[in-house]
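Here is a short tour of a single protein chain, written for someone who likes to think in contacts and surface areas. Have the viewer open as you read.

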Amino acid sequence: MIERIDVCGVPVDILRPENLEQEILEILAKPGTKQIMFLNIWKLLKARGKNDYAQALREADLIIPVSKSIIKGAKFLKREIPVRYNPFDAVITFLSVLESHCKSLYLLGGNRKTLLQAESNLKATYPELHLVGRCVGYFSKNAEPDVVQAIYKSQPSLVLVSEGIKEKDLWAYHRKNQFASSIFLYYKDAFGIFSSRIQRVSPKTFEKGHEMFIEILHNPFKIFLIFPFMWYKLVLLWYKIRKK
């Protein structure tokens, strides 16, 4: 059901919404540590190098494009067109699938106040989803073995990783041999949105691909992302010319 293509040499998965539930269950059934990763163009550019992120992406069980520019890039290169997902909507769908199959969830990240509020709201929204543990982010290196052990012992179906985890997507990848059979998913804003501390991007803004303008309003320095964006355009052009 998942078709993996490449955009500028970086893997991108095509997963239709109607097949999402089945694929999540199939990923869950796999042995060992699994990972779902959201991919935007900044991460795509990072994955073109020889680094841990590139390797983690290649080994991921599901790579979900979230940038409209990736969809346009695939079309420009005449690849099969992937389905773009709003990361928050995708997380909601994952949690709904887990709840409908009586699966479990572990929350990792955020500060104490944000995490507790997010947990409370998730319990109210998904009463049949088993929350088997939580741990705040920003923990010290000395505390990490206890965090890993707690996740290992609780064996959650999904570990939702949010802000406060320094290695982000790579936290689970670097420790994949220390867990049992969980799926790991990093989404920085997850707990902020679930706790109502952060306002989610409106569906209309996301559909237009204008979510970056919202980020620039919150952090004007992100205007300099125009330079890697232009580099992405040049890389696309190079791949197009090379193919011809």
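In which helix is Ser69 found? Ser69 belongs to helix H4, which covers residues 68–76. Keep in mind from here on that this is a predicted model. The relative accessible area of Ser69 is 18%, so this residue counts as buried, the cut-off being under 20%. Apart from neighbours within four places in sequence, Ser69 is in contact with Ile41, Phe229 and Tyr232.

**The chain as a whole**

Stepping back, the protein chain has 12 helices and 8 strands. Its C-alpha trace spans about 55 × 40 × 35 Å along the principal axes. How does the radius of gyration sit with that of a compact globule? For 244 residues such a globule would have a value near 18 Å, and the protein chain has 18 Å, which agrees.

Burial and contacts fill in the picture. Of the 244 residues, 48% count as buried. Taking contacts between residues at least 6 apart in sequence, 78% join residues at least 24 apart. On the outside, the accessible surface comes to about 12,900 Å², and carbon and sulfur atoms account for 55% of that. As for charge, there are 37 positive and 24 negative ones, and their mean positions are 7 Å apart.

**Helix H1 and its buried face**

Helix H1 runs over residues 20–29, and its buried residues are Leu20, Glu23, Ile24, Ile27 and Leu28. Seen down the helix axis, these buried residues fall within an arc of 140°, so they line one face of H1. What does that set of residues pack against? Their partners are strand S3 (34–39), strand S4 (62–65), helix H5 (87–100) and strand S8 (183–186).

**Around strand S1**

Ile2 sits in the segment before strand S1 (3–7). Leu20 comes 18 residues away from Ile2 in sequence, and their C-alpha atoms are 9.2 Å apart in space. Setting aside neighbours within four places in sequence, the contacts of Ile2 are Asp13, Ile14, Leu15, Glu23, Asp61 and Leu62. Glu23 thus appears both in this list and among the buried residues of H1.

Val7 is found in strand S1 itself. Val7 and Lys243 are 236 residues apart in sequence, yet 12 Å apart in space, C-alpha to C-alpha. Beyond four places in sequence, Val7 is in contact with Val12, Leu44, Ile70, Gly73, Ala74, Leu77, Tyr232 and Leu236. Tyr232 is a name you have met already, as a contact of Ser69.

**Two positive phi values**

Most residues other than glycine have a negative phi. Where, then, does Lys78 lie, with its positive phi of about 60°? Lys78 is in the loop between H4 and H5. Cys102 also has a positive phi, near 55°, and is not a glycine. Cys102 lies in the loop between H5 and strand S5 (104–108).

The table sets out the accessibility of these two residues together with Ile2 and Val7.

| Residue | Relative accessible area | Class |
|---|---|---|
| Ile2 | 28% | partly exposed |
| Val7 | 0% | buried |
| Lys78 | 63% | exposed |
| Cys102 | 52% | exposed |

Both loop residues in the table are exposed, Lys78 at 63% and Cys102 at 52%, whereas Val7 is buried at 0%.

How values were computed: Residues numbered from 1 in each chain as written. Predicted model: local features only at pLDDT ≥ 70, side-chain atom pairs only at ≥ 80, totals over all residues. Heavy atoms only, no water. Helix = DSSP H or I, 4+ residues; strand = E, 2+ residues; numbered from the N terminus. Rg over C-alpha atoms; globule rule 2.2 N^0.38 Å. Buried < 20%, exposed > 50% of the residue type's maximum accessible area, 1.4 Å probe, protein only. Contact = heavy atoms within 4.5 Å. Areas by Shrake-Rupley, 256 points an atom, 1.4 Å probe, with all protein chains shown as cover. Lys, Arg positive; Asp, Glu negative; His and termini not counted. Charge placed at Lys NZ, Arg CZ, Asp CG, Glu CD. Arc of directions from axis to C-beta.
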